[in-house]
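Work through the exercises below with the sequence and the model open. Try each task before reading its solution.

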Amino acid sequence: MRRFSFVCALTLVVGTLLGGNQSCSAADVYDYDLVHSSVSFKARHLDISWIHGRFNEVSGQFSLDREDPAKSTFSLTINVDSVDTANEKRDEHLRQPDYFDTKQFPTIEFRSTSTKPIEGGYEVTGDFTMHGTTRSITIVLMGGEEHDFKKVKRVAFSTELALKRSDYGFDKNAIGPIGDKALIMIDCEGVKK
């Protein structure tokens, strides 16, 4: 009986230690650095030129697991009210119900669901939510090397993606003058927490 109790206790101790190690994450966590990052876009106007813009208020976080990269995660939240095309009148129109409808849909969000390491970066699949519609998309993030600048550790990524506004429930009547497809460019620098 004493031998059985000793084995049980030993098993419990070893199990606790192993369990403790498993619960520890090897991931480094980085916060989105708004000063050194940008989310910009461009869309065709009358199919003869490009309108350029950006979102000035963005937040996010990513975790990088160097030992098991597939466990790395990425998230980004854009405040749509911060849209900026260098024209106040147009920006106010873009906030209205026939475009972004920012009162009803104040944010654009991305949350990763799986990550695959590739040469020079990561292939990240996740839920992209815009204008109240969520679709699964895959983006290629290039970068990921950590740099130590003035004792602050930083990692940067960049990506470009193309989206159709019609896939996200935008007013089809408003798609005429401004093209359906929008190109989004994301340059993200993260600061290690």
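A cavity, on a 1 Å grid over the protein atoms alone, is a set of points where a 1.4 Å probe fits but cannot get out; lining residues have an atom within 4 Å of a point. Grid points are joined across faces, edges and corners, and a volume is the space filled by probe spheres set on the points.

This is a predicted model: local features need pLDDT of at least 70, side-chain atom pairs count only at pLDDT 80 or more, and totals for chains, interfaces and linings use all residues. Residues are numbered from 1 along each chain as its sequence is written, and side-chain values use heavy atoms, with hydrogens and water left out.

**Exercise 1. Find the largest cavity and state its volume.**

Step 1. Search the whole structure. One cavity of 30 Å³ or more turns up.
Step 2. Take the volume. The largest cavity comes to about 620 Å³.
Step 3. List the lining. It counts 38 residues; Val39, Ile78, Phe128, Ile184 and Ile186 lie nearest the centre.

**Exercise 2. Place Val39 in the largest nonpolar core.**

Step 1. Fix the terms. A nonpolar core is a set of buried Ala, Val, Leu, Ile, Met, Phe, Trp, Tyr and Cys residues joined through side-chain atoms within 4.5 Å. Buried means under 20% relative accessible area, exposed over 50%, partly exposed in between (1.4 Å probe, protein chains only).
Step 2. Rank the members. The largest core has 37 residues, and Val39, Phe55 and Phe100 touch the most other members.
Step 3. Look for contacts (heavy atoms within 4.5 Å). Setting aside neighbours within four places in sequence, Val39 has among its contacts Tyr32, Phe55, Leu76, Ile78 and Ile184.

**Exercise 3. Trace the partners of strand β8.**

Step 1. Define the elements. Helices (H or I, at least four residues) and strands (E, at least two) are DSSP runs, numbered from the N terminus. Two strands pair if DSSP finds at least two bridges between them.
Step 2. Start with β7 (residues 107-118). This strand and β8 pair antiparallel over nine bridges. Ile118 has Gly121 in β8 as its bridge partner.
Step 3. Inspect the turn. Two residues separate β7 and β8 in this hairpin, and Gly120 takes a positive phi near 85°.
Step 4. Move to β9 (residues 133-149). Here 10 bridges join β8 and β9, again in the antiparallel sense. Met130 stands opposite Thr133 in β9.
Step 5. Check burial. Strand β8 (residues 121-130) is largely enclosed by the rest of the structure, because seven of its 10 residues are buried.

**Exercise 4. Which phi sign does His131 have, and is this residue buried or exposed?**

Step 1. Recall the background. Most residues other than glycine have a negative phi.
Step 2. Read the angle. His131 is not a glycine, yet its phi is positive, about 55°.
Step 3. Locate the residue. His131 sits in the loop between β8 and β9.
Step 4. Check accessibility. His131 has a relative accessible area of 12%, so this residue is buried.

**Exercise 5. Where is confidence lowest in the protein chain?**

Step 1. Define the score. pLDDT is the predictor's confidence in each residue, from 0 to 100.
Step 2. Take the average. The chain averages 87, and 86% of the residues score at least 70.
Step 3. Find the extremes. Helix α1 (residues 2-23) is lowest, at a mean of 41, while strand β6 (residues 83-84) is highest, at 98.
Step 4. Examine the weak stretch. Residues 3-24 have a pLDDT below 50, and beyond near neighbours in sequence this stretch has zero contacts in the model.
Step 5. Apply the rule. Where pLDDT is low, the predicted coordinates should not be read in detail.

How values were computed:
1 Å grid on protein atoms, 1.4 Å probe; cavity = no way out; pocket = protein on both sides within 12 Å on 5 of 7 lines; lining within 4 Å.
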